[in-house]
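Please walk me through the aromatic side chains of this model, and show how they are arranged with respect to one another.

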Amino acid sequence: MNDVPPEARLWNLIRGALGTKALGTAADLGVADALATGPRAVAELSEGERRGCRHPPSHPAGAGERRVFAEAEPGVFRNSEASELLRSGNADRWPEFAHLFGEVFYPAMGALDVRVTDVPFARAYGTDIWSWFATKPEERSNFDRAMEGGQAERADKLAALEWREDETVVDVGGGTGRLIRDLLERRPELRGIVFDLPEADRDETAVGDRITFVAGSFFEQVPEGDAYVLSKILHDWDDERAAAILRTVRAAAPHEARLLVLDSVVPPGNDPAGVKWLDLLMLVLQRGRERSESDWRALLNGAGFRIEQIEDGLIQARCR
């Protein structure tokens with residue numbers, strides 16, 4: 001960020017809420033899909049009124065200096081490399097993320113007040129995030145699809161590890177099962193169990209006979225397996241609740257079972273990867289937190305696990 005003037009840094013942050021809302025709206029209206037066949041005038045894009053857009057802006061969200069949508073000529077816009085990511089079906093789930101931030105997380109972010117101790121999401125919606133999702137199946141489905149973003153890269157990390165023939169891998173909080181599906185494509189000798197709440201969006205017909213879906217709460221009980229994966233789960237929770245999840249896993253795990261945590265590790269000093277902003281988001285949603293290496297060691301050791309390695313967002317541990 002050293003090449004960005006300090007005034008520009010502050011201005012981008014101050015007006016950031018506008019970009020969040022605008023891109024969420026653009027994703028919901030399918031603007032990137034509408035531009036997939038070529039440049040279109042604003043008047044044509046205003047057909048979005050049929051999808052509930054009563055007051056279309058004179059420029060698509062994120063045009064101009066934000067370099068999301070590009071202006072081919074005055075009043076005529078086309079997709080850029082950035083807006084192409086917002087087209088439906090994107091493998092990294094950018095449209096789903098844009099909707100989450102612009103429509104679901106947005107009111108909760110506005111409720112953030114460091115002077116009070118309650119959870120901003122609960123103050124904005126009247127209940128905790130998981131209870132809210134349980135009553136909103138479309139939003140829960142969008143959330144689960146959004147969480148598929150980046151799972152292919154995480155599956156690569158897991159597949160590169162040493163595995164025994166026919167080990168059973170339990171993905172705790174596994175959502176749609178995308179991570180386990182990707183892992184078994186790379187390591188077909190394994191078996192998988194996807195464990196999540198009953199309302200999680202999953203298509204059991206899309207997986208083979210080597211993957212099983214099990215419904216339940218990871219605060220109560222998890223299935224037995226040879227290895228347990230927690231991918232972007234523990235950062236959702238404060239230390240007390242994260243430790244409770246780990247203790248549930250530890251109670252079900254056979255002796256010397258592996259624990260594989262895929263999560264951010266906050267670096268010391270400046271944060272070029274941008275991990276620390278997630279800490280604020282987790283605070284907003286349910287008092288979760290991002291953790292440094294020393295935080296992770298304290299958390300896992302206290303829950304009965306022995307850390308063997310922490311590298312590139314993958315924490316490998318075993319039951320003690």
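**Aromatic rings and their partners**

Both W130 and F143 are buried, where buried means under 20% relative accessible area, exposed over 50% and partly exposed in between, with a 1.4 Å probe and protein chains only. The model is predicted, so local features need pLDDT of at least 70 and side-chain atom pairs count only at pLDDT 80 or more, while totals for chains, interfaces and linings use all residues. Residues are numbered from 1 along each chain as its sequence is written, and side-chain values use heavy atoms, with hydrogens and water left out.

F133 and F143 form a tilted aromatic pair, 5.0 Å centre to centre with 40° between the planes; rings of Phe, Tyr and Trp (its six-membered ring) pair if their centres lie within 6.5 Å, and planes under 30 degrees apart count as stacked, over 60 as edge-to-face and the rest as tilted. This pair links distant parts of the chain, F133 in helix 8 and F143 in helix 9, 10 residues apart, helices being DSSP runs (H or I, at least four residues) numbered from the N terminus. F133 counts as buried because its relative accessibility is 1%, and F143 counts as buried because its value is 10%.

The wider picture is one aromatic cluster formed by F121, Y125, W130, W132, F133 and F143, and the structure holds 12 aromatic pairs.

Charged side chains also meet rings: R241 lies over the face of F219, at 3.9 Å from the ring centre, and R258 lies over the face of W163, at 4.3 Å from the ring centre. A charge sits over a ring if NZ of Lys or CZ of Arg is within 6 Å of the ring centre and within 35 degrees of the ring normal.

Definitions and conventions. Helix = DSSP H or I, 4+ residues; strand = E, 2+ residues; numbered from the N terminus.
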